[in-house]
Amino acid sequence: MERFVLISGCSSGGKSTLLAELSRRGFATVDEPGRRIVKQELEGDGAALPWVNGTAFARRAVAMAQADLSAAALLQGWVFFDRGLIDAAVALEHSSGEPAAGTISAHRFHRQAFLTPPWPEIYVTDAERPHAYEAAVEEYRRLLKAYPALGYEPLVLPKVSVGERADFILKSLAVASD
C-alpha cells in the first residue's frame, strides 16, 4: 500500500519518538511489534524473547505485523509503522534462514522506507532492549542491505531534531503540511 510507510533502522535511533511526533501531527501510527512482544514475554514465561529464542520471537513479530497491516487497512490516509513486517521478516531470515522475500511477498509498503542510523549519543538500553550498541549496529547493517534487496528505497534519516526528521519524511513523501 503506497500510503503505508515504514520507519526502521538502528535500535534506539529515535524511531518511537519520531512516530510520536507524526501522531501528534495527526497521522496514524503503528507501534513496533517487537516492543509489544517483549513486554508480553516479560510478563509471561519469556520463551519468545529475542535473546532467548530469536526464531520464536521473529515468528511472533511476523504474525503481529501481518495483523497490524490488516487493522491499518481500515485507517484513512498515511499510516506510519515503527518497524513492522519487513524488519520481522529480516529477523526471521537471520535467525532461521527462511528467506524474507517469501514472508513479505503479499504485502507492500511505500517504496521509500526511512531508516534511523546508528546514533551512539542517544543509544540507551532498558529491560525491553538489553542488547549492546554493537548488536544494534549489526542489525542496522542487515536492514540497510535487506531493504533494497526486497525492492524498497531506504532513505537514511539525518541526525537532527525529531521535528526536522518528521519534516524530512513528509517532504520526501510530498505530503502537504498542515
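**Figure 1. Helix H4 packs its buried face against four helices and strands.** The buried residues of H4 pack against E1, H3, helix H5 (100–104) and helix H6 (133–149); contact here means heavy atoms within 4.5 Å. Those buried residues are Leu85, Ile86, Asp87, Ala88, Ala89, Val90 and Leu92, where buried means under 20% relative accessible area, exposed over 50%, and partly exposed in between (1.4 Å probe, protein chains only). The helices and strands themselves are DSSP runs, numbered from the N terminus: H or I with at least four residues for a helix, E with at least two for a strand. H4 has 12 residues and reaches 16 Å from its first C-alpha to its last, close to the 16 Å expected at 1.5 Å a residue; the expected span is 1.5 Å times one less than the number of residues. Just after H4 comes glycine 97, with a positive phi of about 90 degrees. As you look around, bear in mind that this is a predicted model, in which local features need pLDDT of at least 70, side-chain atom pairs count only at pLDDT 80 or more, and totals for chains, interfaces and linings use all residues. Residues are numbered from 1 along each chain as its sequence is written, and side-chain values use heavy atoms, with hydrogens and water left out.

**Figure 2. The buried residues of helix H3 and what covers them.** H3 has 19 residues and reaches 26 Å from its first C-alpha to its last, close to the 27 Å expected at 1.5 Å a residue. Its buried residues are Phe57, Ala58, Ala61, Val62, Met64, Ala65, Asp68, Leu69 and Ala72. Their cover includes E1, strand E2 (28–30), H2, E3, H4 and H5.

**Figure 3. Threonine 103, a buried residue in helix H5.** This threonine has a relative accessible area of 17%. Leaving aside neighbours within four places in sequence, threonine 103 is in contact with Val62, Gln66, Leu85, Ala89 and Leu92.

**Figure 4. Serine 12 and arginine 83, two loop residues with positive phi.** Most residues other than glycine have a negative phi. Serine 12 has a positive phi of about 60 degrees although it is not a glycine. You will find serine 12 in the loop between strand E1 (4–9) and helix H1 (15–24), where it counts as buried at 9% relative accessibility. Phi of arginine 83 is also positive, near 60 degrees. This arginine sits in the loop between strand E3 (79–82) and helix H4 (85–96) and is buried at 6% relative accessibility.

**Figure 5. Salt bridges between parts that are apart in sequence.** A salt bridge is a side-chain nitrogen of Lys or Arg within 4 Å of a carboxyl oxygen of Asp or Glu, and by this rule the count comes to 11. The side chains of glutamate 41 and arginine 60 form one of them (2.4 Å, N to O). That pair links distant parts of the chain, with glutamate 41 in helix H2 and arginine 60 in helix H3, 19 residues apart. Glutamate 41 is buried, at a relative accessible area of 9%, whereas arginine 60 is partly exposed at 29%. Arginine 83 meets glutamate 139 in another salt bridge (3.4 Å, N to O). Glutamate 139 lies in helix H6 and arginine 83 in the loop between E3 and H4, so this pair ties together parts that are 56 residues apart in sequence. Glutamate 139 is partly exposed, with a relative accessible area of 22%.

**Figure 6. A salt bridge within helix H6, and a salt-bridge network.** Arginine 142 forms a salt bridge with glutamate 138, the closest N and O atoms being 3.2 Å apart. Both residues lie in helix H6, 4 residues apart, about one turn of the helix. An α-helix has 3.6 residues a turn, so residues three or four places apart point the same way. Arginine 142 is partly exposed at 26% relative accessibility, and glutamate 138 is partly exposed at 45%. Elsewhere, Glu21, Arg24, Arg25 and Asp167 are linked in a network of salt bridges.

**Figure 7. Serine 172 in helix H7 (residues 162–172).** Serine 172 is partly exposed, with a relative accessible area of 27%. Apart from neighbours within four places in sequence, serine 172 is in contact with Gln112, Phe114 and Leu155. The C-alpha atoms of serine 172 and alanine 63 are separated by 29 Å, with their places 109 residues apart along the chain.
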